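Student: I should like to learn how to read a protein model feature by feature. Please take me through this one.

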Amino acid sequence: MQAAENTITTFQLPGIGSRRWRQLGEMLLQRGYIDQDKLSIALEKQRDEDRYLGEVLLELELVDQTELYSTLADQAGIPFVRLEPKYQDPAIAGVIQFSMIRTLRAIPLFKVDKRLTVAMDDPTNLDRLQEIAFATGCRVNAVYTTPEIIDAAISARTGNLIDVKGLHVAEELSETDRAGESLSNMSVDWTADAADLSKSSVVIDLIDNLIIEALTIKASDIHLEPKGRHLRVRFRIDGILQDRPSIPNGYKMAVLSRCKIMADMDIAERRVPQDGAFSMNFHGRRVDFRVSTFPTKYGEVVVVRILDRSALKLELATLGFPPDLATKMTDTVNQPNGILLVTGPTGSGKTSTLYALLQELDAATKKIITLEDPIEYDLADICQGQTHAKAGFTFAKGLRSILRQDPDCIMVGEVRDVETAQIAIQASLTGHMVMSTLHTNSAAAAISRLLDMGLEPFLMATSLSGILAQRLVRRLCGNCKESYTLDAATVDAMGLEFPSGSQTPTLYKAKGCMYCNGLGYRGRLGIFEYVGVDQKVQSMIIRRISGKDLERELTAGGCDFTTLRASGLAKVEAGETTLEEVLRVTTG
């Protein structure tokens with residue numbers, strides 16, 4: 001890198017630290033961002049404390065950050081940007097190391113030849129600009145943005161760019177361990193008892209940073225899987241497991257013991273599975289964790305489920321419900337009685353849908369009781385109960401007790417047996433709205449499943465209000481998704497029918513960038529099929545029609561029915577997900 005190339009192109013400007021408070025104040029007045037009274041208050045405090053006017057205005061909340069920083073930018077003749085993904089080129093994700101991005105608070109926007117443009121909340125800091133120029137070998141142009149936008153951009157840049165204290169140390173130790181070299185000169189006593197080592201700062205920091213990383217990149221689970229020579233670490237992100245740096249063998253037992261200690265488990269018991277839980281505060285919010293162990297050949301597998309209340313969006317639209325379907329679901333749960341079933345495999349978002357539906361009810365005027373296993377999220381104004389198998393508090397027994405509590409609406413975590421199903425039907429027939437889940441592959445298959453349990457068809461036909469089947473697909477990253485045209489031959493060969501009717505639809509594929517951890521996806525959304533139990537469906541239930549025949553009649557009979565595949569293809573054409581994702585969750 002030639003030192004001569006390391007130059008800075010910016011303006012000498014009075015930033016937030018400028019003493020030119022009169023000019024800044026006058027500009028804010030002229031733009032109507034503040035009035036004379038507010039300016040006088042800020043000037044008086046500024047004189048008493050010998051501080052900068054911009055800092056005082058922000059501290060007193062007399063001006064918005066965007067208003068202040070856009071004014072400073074105009075004052076200096078420097079462009080002001082609202083930092084959004086469309087302004088940032090994913091191709092230069094690595095031009096500045098993430099550690100430098102965080103330290104210097106400079107977000108690279110785009111690069112043309114040897115000229116790099118960055119967004120900063122303080123473009124007047126020439127030392128920072130010089131450091132960027134030296135590290136990149138580029139001429140640096142700086143533009144203004146706000147500290148809030150910089151913080152949000154830094155928070156979005158996670159995943160493989162995040163620095164996790166302890167993990168890089170673990171990787172170095174793994175290399176030594178694999179090479180079979182002597183570990184006697186290391187600070188860690190590998191012969192120490194796992195319980196003692198689990199209390200060391202190294203292991204505590206390692207676990208804490210694993211949890212912080214998982215929370216930052218919005219993982220739903222942490223998997224710790226002991227192998228012969230290391231402890232494999234995987235995060236489940238948007239339903240897919242992703243490998244993280246492994247932990248060396250010498251720390252394996254200590255890390256697993258530390259997890260069990262945090263979850264209040266018996267660390268001496270390694271022969272049988274255990275369950276536990278713990279909580280922690282993260283960025284001012286409480287996050288709950290469920291921990292389970294399972295004995296294997298090389299030790300106990302530990303899975304930590306992350307229950308982050310802030311990540312739960314209790315709105316049907318946020319979960320991916322089309323407006324017409326959201327209206328149907330809301331109307332169904334607000335009926336005075338009936339049963340609504342939500343079906344799908346484990347991890348398909350059934351519980352989140354039930355929680356969102358509970359939010360559609362007026363808890364101020366209705367008595368709402370839930371029976372869950374376990375309670376995943378606290379809901380305001382709703383009585384939540386949790387089953388306890390060892391104490392004999394099962395879904396069936398709990399549901400009987402709930403009926404004596406004068407409820408208007410009941411949510412049961414799952415219909416697991418015929419007894420629970422029968423009590424749910426009795427509850428609906430006696431004037432209660434019941435919501436629950438069932439493990440079936442489609443909405444129509446739920447009817448066959450209930451009939452196979454031995455329920456009377458006429459009771460089912462009378463009590464069922466609706467059945468919703470759902471799956472979760474990964475949502476395309478809006479910053480890097482790429483469009484392409486699917487050829488007619490492929491559409492015909494795969495038997496695809498897109499809502500638009502096009503034989504050469506324009507679809508989108510995942511590419512990967514810094515904002516989606518290189519995966520091409522950020523978050524998940526649902527695809528749905530709903531069977532409303534009207535008179536036609538009731539008659540088919542009474543005839544004990546099979547699930548396949550029911551689905552065939554609903555599809556061919558001109559009914560308002562959309563299959564999971566059709567729902568997914570609609571979201572594919574809308575650019576919300578990929579064809580591969582829909583085929584992955586609807587095949588079979």
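Student: Across which strands does helix 21 lie?

Tutor: The model is a predicted one. Helix 21, residues 564-573, lies across strand 16 (464-476) and strand 19, and the angle to strand 19 is about 140 degrees.

Student: Which residues of helix 21 are buried, and what do they pack against?

Tutor: Leu 564, Ser 567, Gly 568, Leu 569, Lys 571 and Val 572 are the buried residues of helix 21. Their packing partners are strand 16, strand 18 (506-509), strand 19 and helix 22 (579-586). After helix 21 comes Gly 575, with a positive phi near 80 degrees.

Student: How should I read the sheet that contains strand 19, and what is its strand order?

Tutor: One reads the order of the strands, then the pairing, then the edges. This open sheet has seven strands in the order 13-12-14-15-11-16-19, with mixed pairing. Strand 13 (383-386) and strand 19 (521-532) are the edge strands, each pairing on one side only. On average, neighbouring strands of this sheet are turned by 20 degrees against each other, direction ignored.

Student: How many bridges join strand 12 to strand 14?

Tutor: Strand 12 (residues 368-372) and strand 14 (residues 409-412) run parallel and are joined by four bridges. As one case, Thr 370 has Met 411 in strand 14 as its bridge partner.

Student: What is the strand order of the open sheet of six strands?

Tutor: That sheet follows the order 7-6-5-10-9-8, and its pairing is antiparallel. At its edges stand strand 7 (240-248) and strand 8 (274-282); each has a single partner strand, so one side of each has no neighbour in the sheet. The average turn between neighbouring strands here is 20 degrees, direction ignored.

Student: How many bridges join strand 8 to strand 9?

Tutor: Nine bridges link strand 8 with strand 9 (residues 285-296), and the two run antiparallel. Within this pair, Gln 274 stands opposite Thr 293 of strand 9.

Student: Which strands does helix 10 lie across?

Tutor: Helix 10 (residues 201-216) lies across strand 5 (221-226), strand 6 (230-237), strand 7, strand 8, strand 9 and strand 10 (299-308), and runs at about 75 degrees to strand 8. Helix 11 (residues 249-262) also lies across strand 5, strand 6, strand 7, strand 8, strand 9 and strand 10, running at about 120 degrees to strand 7.

Student: How many residues does helix 10 have, and how far does it reach?

Tutor: A helix may be judged by comparing its span with the expected one. Helix 10 has 16 residues and reaches 22 Å from its first C-alpha to its last, close to the 22 Å expected at 1.5 Å a residue. Among its buried residues are Val 203, Leu 206, Asn 209, Leu 210, Glu 213 and Ala 214. Just after helix 10, Lys 218 adopts a positive phi of about 60 degrees.

Student: Is Ile 261, in helix 11, buried, partly exposed or exposed?

Tutor: Ile 261 has a relative accessible area of 33%, and therefore counts as partly exposed. Its C-alpha atom is separated by 9.6 Å from that of Phe 278, 17 residues apart along the chain.

Student: How should I read a nonpolar core, and how many residues has the largest one?

Tutor: In soluble globular proteins, nonpolar side chains tend to be buried together. The largest nonpolar core here has 45 residues, and those with the most contacts inside it include Leu 341, Ile 447, Met 460 and Ile 541. Helix 16 (residues 443-452) supplies the largest share of this core, six residues. A second, separate core of 31 residues includes Leu 210, Ala 214, Met 265 and Phe 282.

Student: Why does Arg 105 count as buried?

Tutor: Arg 105 counts as buried because its relative accessibility is 18%, and the cut-off is under 20%. Arg 105 lies in the loop between helix 5 (98-104) and strand 2 (106-112). Its side chain makes a polar contact of 2.9 Å with the side chain of Asp 121. Among the other residues that Arg 105 touches are Met 100, Arg 128, Pro 147 and Asp 151.

Methods:
Residues numbered from 1 in each chain as written. Predicted model: local features only at pLDDT ≥ 70, side-chain atom pairs only at ≥ 80, totals over all residues. Heavy atoms only, no water. Core = buried A, V, L, I, M, F, W, Y, C linked by side-chain atoms within 4.5 Å. Buried < 20%, exposed > 50% of the residue type's maximum accessible area, 1.4 Å probe, protein only. Pairing = 2+ DSSP bridges. Axes fitted to C-alpha atoms, helices over the stretch in contact; angles between N-to-C directions. Contact = heavy atoms within 4.5 Å. Polar contact = N/O pair within 3.5 Å; in protein donor to acceptor, adjacent residues only side chain to side chain. Expected span 1.5 Å × (residues − 1). Lists of a residue's contacts leave out its neighbours within four places in sequence.
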